[in-house]
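Student: I've got the sequence and the model open, and I'm a bit lost. Can we go through it with some questions?

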Amino acid sequence: MSNQLQIIDVQSEVVSGVSSEAKAFAAEQLGPMPGQWNGYEHLDESTSQELYGKVGYIHGLSAEAGRQIITIGQTLLEIKELVPHGQFMDCVKAEFGWGREWANQLMQIAERFSNVNSSGHLPSSAKVLALLAASDADDATVQQAADESWTVKQTRQRLGTERQRERSIVQEAISVLKLSEEARHLAAKAEHISTRQLMDELGTEELPKGREHITAAFTFCKNGVGWWKLPIQQPVAVAADPKPINSGTVEILPMATAAQLLGKKSNTFRTRMSPGSIAKHGFPTGLGWQAEPHPARGMCIVRSIG
């Protein structure tokens, strides 16, 4: 068996005396190797070995292609230092027929990837390498491009998506920087709550309407299927004090019972008992009774004003 076939066969599962660790090490050092196709086992031994050799040869050429492209770019950089100033492109075009753009891409590839130790970790396509170098792609992206054999189209799409994501993040950051210190401080304290939680905050069983609701301590702003709860305290102008009444005509009742006593619908009554509504309309009244908030959740103070 030739040296070429001996190297290639270390990845084969049928090789005796070769541990899986050794195979993994060989694959890591030598780059892509044959054996991924599941049809070898259906061929006779002679044909299988010959096919392994040819597939391995192509893998070797592909892996070495990236290194050769880098070498060309490095040599172009050396030529650029040798020829008189202003004559570099005349020399390149006359000798190789290359335009300025392609020559610059080759040199850029050399500058970006000259320190990569293993050519097996580089894409074989010069165009793909040029795109990766131009975008200053990190090593992980270069490795992924090599492992997945990105085409030029795929590379443009992947890098374009990443650049778009980065631009979006930058724009968001700029928008935040434009905010006042007070606004940034408020945003940091914001809490996202559900509509059910907002209804509890407002003390109502009716679905909130509109995109903004205000209580004495918070402002609630609609956001998608939920709400932002912002700790903005509002000056609540409480209605005038209730009329003086004799003791014994004050009761502490559940909201639903108090609503019946005042002749109100339960949901409407709960809305009227919110701080914002009281600030605007005063305490709810009806049938000779006046209702006021009570510290206990779901309860209220009812006074006789008849």
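Student: Okay, which residue forms a salt bridge with Arg 196?

Tutor: A salt bridge needs a side-chain nitrogen of Lys or Arg within 4 Å of a carboxyl oxygen of Asp or Glu. Here the closest N and O atoms are 2.9 Å apart. So the partner of Arg 196 is Asp 200.

Student: What kind of model am I looking at?

Tutor: Residues are numbered from 1 along each chain as its sequence is written, and side-chain values use heavy atoms, with hydrogens and water left out. Local features need pLDDT of at least 70 and side-chain atom pairs count only at pLDDT 80 or more, while totals for chains, interfaces and linings use all residues, because this model is predicted.

Student: How far along the helix are Arg 196 and Asp 200 separated?

Tutor: Helices (H or I, at least four residues) and strands (E, at least two) are DSSP runs, numbered from the N terminus. Arg 196 and Asp 200 both sit in helix 10, 4 residues apart. That means a separation of about one helical turn.

Student: Is Arg 196 buried, partly exposed or exposed?

Tutor: Buried means under 20% relative accessible area, exposed over 50%, and partly exposed in between (1.4 Å probe, protein chains only). Asp 200, the salt-bridge partner, has 35% and is partly exposed. With a relative accessibility of 37%, Arg 196 counts as partly exposed.

Student: Which residue forms a salt bridge with Glu 201?

Tutor: The closest N and O atoms of this pair are 2.7 Å apart. It links distant parts of the chain, with Glu 201 in helix 10 and its partner in strand 4, 28 residues apart. Glu 201 is partly exposed at 34%, whereas the partner is buried at 12%. That partner is Lys 229.

Student: How many salt bridges does a search of the whole structure find?

Tutor: Besides the pairs above, there's one between Glu 292 and Arg 303, with the closest N and O atoms 2.4 Å apart. Glu 292 is in strand 7 (residues 289-293) and Arg 303 in strand 8 (residues 299-304), 11 residues apart. Glu 292 is buried at 8%, while Arg 303 is partly exposed at 23%. The search total is 3.

Student: On to the sheet: what is the order of the strands in the open sheet of 4 strands?

Tutor: Two strands pair if DSSP finds at least two bridges between them. Strand 1 (191-193) and strand 2 (212-214) each have a single partner strand, so they stand at the edges, with one side left without a neighbour in the sheet. The pairing is antiparallel, and the order is 1-4-3-2.

Student: In strand 3, what is the bridge partner of Glu 212?

Tutor: Strand 2 and strand 3 (residues 219-223) are antiparallel, with 3 bridges. They form a hairpin with 4 residues between them. His 213 has Phe 220 as its bridge partner. For Glu 212, it's Cys 221.

Student: How many bridges join strand 3 to strand 4?

Tutor: These two strands also make a hairpin, with 2 residues between them, and Gly 224 in the turn has a positive phi of about 65°. One of the bridges pairs Asn 223 with Gly 226. The number of bridges is 5.

Student: Which residues touch the most other members of the largest nonpolar core?

Tutor: A nonpolar core is a set of buried Ala, Val, Leu, Ile, Met, Phe, Trp, Tyr and Cys residues joined through side-chain atoms within 4.5 Å. This core has 23 residues. The top three by touches are Ile 109, Phe 113 and Leu 132.

Student: Which helix gives the most to this core?

Tutor: Helix 3 (45-82), helix 4 (88-96), helix 5 (100-113), helix 6 (126-134) and helix 7 (139-147) each supply at least two of the residues in the largest core. With 6 residues, the most comes from helix 6.

Student: And how many residues are in the second, separate core?

Tutor: Its members include Ala 258, Ala 259, Leu 262 and Met 273. The number of residues in this second core is 11.

Student: Last one: what share of the protein chain counts as buried?

Tutor: The chain has 306 residues, with 13 helices and 8 strands. The share that counts as buried is 29%.
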